[in-house]
Amino acid sequence: MDSTLLDLAAYPNSLWLTGQNAAALADWQQPDYGTTRIGYDYTGGRFRRPQEPAQRHDGYLHSEGLRSVKGWRFGGQFRYRKNADQSIRYSGVHDPYSGNPFVWMDTLAGDWQRDHIHAQAAVGTPAFGNKWRWGLMLDYHLGQGARRNEPKPLYRYRNIRLAPSVTWRPNANTVWGLVLTAGFVQEENEVGFFSVNSALLYRLRGYGTFSRSPVVTAERRIGGTDTQLRLQWQTESPGGVSWLAQAGGGLRRETVREGIANPEEGGLFREWNYEARLRRTRSVGRHNRIADFQLTGRSGAGRDPIVQAFTARHNHWEMVGEWGRWRQTDKQFRHWFVRPSAQWVRYEDQIARTEWHVWNATLAVDWQQRFRRKQSWVWYELE
């Protein structure tokens, strides 16, 4: 199969692509395919946040595919990632920027080795009564990582999500979709095991509040849930115009427990999230236009285990727009897009009496072109 078809299928409106609605797999304008690739990414530079690595080497193996069998449609993907992160400070957990303010760290910095597996499977049913389709998506993420220098903090991470979905087509041009997602996450942290060195262990309790103590060995566990509900609508109008609207929200909740024999509360984190999206596409022959607007928000709070009150809070809102054109012919493919975006971030810690407000605006321009040269295709991109 021509690999360009994988990219072209992302342009038309799709409830599966915008909202992970497995029931809409049969409506996705994508032929059956299978693909595997091996890649390597490098990230470096001094412009980074303090808990990010100075350099990141990321090798990965990615495989995915789509199959149709008697009206049923099956999709899946598998990804293995091997990370070598250099000079990480102030972090002993899977992701210090997940929003949860309860982070472990010691006084040392070092290089980390990480191994992660991410697998996803989705199935969509045939139409029942020419109106109803049902779907189910399973997403599983498993990983672990450890620092190479002692006292060698270690994490084990597991995250599983189930997303049942349904679509209803009242007429030939309109379809409604509903997706319910339930996620379950668990992370285990250890520090000091099989080590002859000890260090000061810092327990962050907010955005400026922390406790510290010498540690020989310590462990903790994070358990949480993440539920989401998403409503979708898509319609096809005369003249090749298609509209897609989507709105949803959910609640993420995580509890920290320190110790095994006599566990103690290490913090409670709660975060609400919101989303809204409106997308318009127009296809006239081989000329196509896209206009897209997205609004997302997150509002979280952490309860301090000592004062037993929600003292750490954050808010994060982002608006992203997209406008552009694309054209496909027998001899070439071309697209260009303009993507403005704006972010507003606020962090607050009532115990430390600290507060941050950040505004950020960006503008990106993306140009892609693919053209035939004898029996081969040449592809380039500027962004």
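In this predicted model, Glu 322 sits in strand 15, which spans residues 309-328. Glu 322 has a relative accessible area of 19%, so it counts as buried, the cut-off being under 20%. Its side chain makes a polar contact with the side chain of Arg 339, at 2.6 Å. Arg 339 also appears among the residues that Glu 322 touches. Leaving aside residues up to four places away in sequence, the set comprises Ile 290, Ala 291, Asp 292, Phe 337, Val 338, Arg 339 and Pro 340. Strand 14 covers residues 287-304, and strand 16 covers residues 332-349. Ile 290, Ala 291 and Asp 292 therefore fall in strand 14, by their numbers. Phe 337, Val 338, Arg 339 and Pro 340 likewise fall in strand 16.

Strand 16 also holds Arg 346. This arginine is buried, because its relative accessible area is 17% and the limit is under 20%. Two polar contacts engage its side chain. One joins Arg 346 to the side chain of Glu 348, at 2.8 Å. The other joins Arg 346 to the side chain of Glu 355, at 3.2 Å. Beyond residues up to four places away in sequence, Arg 346 touches Arg 313, His 314, Asn 315, Glu 355, Trp 356 and His 357. Glu 355 thus figures both as a polar partner and in the list of touching residues. Arg 313, His 314 and Asn 315 lie within the residue range of strand 15. A further distance relates Arg 346 to Tyr 80. These two residues are 266 residues apart along the chain, and their C-alpha atoms are separated by 34 Å.

Asp 304 belongs to strand 14. Its relative accessibility is 0%, so Asp 304 counts as buried. The side chain of Asp 304 reaches a backbone atom, the nitrogen of Val 307, at 3.2 Å. Apart from residues up to four places away in sequence, Asp 304 touches Phe 102, Arg 205, Thr 209, Ala 309, Thr 311 and Ile 351. Ala 309 and Thr 311 fall within the range of strand 15.

Attention turns next to internal space. The count of cavities of 30 Å³ or more comes to 1. The largest cavity has a volume of about 60 Å³. Its lining is made up of Ser 91, Gly 92, Trp 104, Met 105, Asp 106, Arg 147, Pro 153, Asn 189, Glu 190, Val 191 and Leu 201. Strand 4 (104-106) and strand 8 (174-191) each supply at least two of these residues. By class, the lining divides into 5 nonpolar, 3 polar and 3 charged residues. Asp 106, Arg 147 and Glu 190 are charged members of the lining.

Several loops carry backbone features. The peptide bond between Glu 150 and Pro 151 is cis, with omega about 10°. Pro 151 is found in the loop between strand 6 (132-147) and strand 7 (154-171). Another loop, between strand 2 (55-69) and strand 3 (72-88), contains Lys 70. Phi of Lys 70 is near 50°, a positive value in a residue other than glycine. Lys 70 counts as exposed because its relative accessibility is 82%, against a cut-off of over 50%. Asn 130 also has a positive phi, about 60°, although it is not a glycine. Asn 130 lies in the loop between strand 5 (110-124) and strand 6. With a relative accessible area of 67%, Asn 130 is exposed.

Across the whole chain, the protein has 2 helices and 18 strands. The radius of gyration is 24 Å, close to the 21 Å that the globule rule gives for 383 residues, so the protein is as compact as a globular protein of that length. Its C-alpha atoms fill a box of roughly 70 × 45 × 40 Å along the principal axes. Buried residues make up 40% of the 383 residues. Glu 322, Arg 346 and Asp 304 are among the buried residues. Among contacts between residues at least 6 apart in sequence, 63% join residues at least 24 apart.

Notes:
Residues numbered from 1 in each chain as written. Predicted model: local features only at pLDDT ≥ 70, side-chain atom pairs only at ≥ 80, totals over all residues. Heavy atoms only, no water. Helix = DSSP H or I, 4+ residues; strand = E, 2+ residues; numbered from the N terminus. Buried < 20%, exposed > 50% of the residue type's maximum accessible area, 1.4 Å probe, protein only. Polar contact = N/O pair within 3.5 Å; in protein donor to acceptor, adjacent residues only side chain to side chain. Contact = heavy atoms within 4.5 Å. 1 Å grid on protein atoms, 1.4 Å probe; cavity = no way out; pocket = protein on both sides within 12 Å on 5 of 7 lines; lining within 4 Å. Points joined across faces, edges and corners; volume = space filled by probe spheres on them. Rg over C-alpha atoms; globule rule 2.2 N^0.38 Å.
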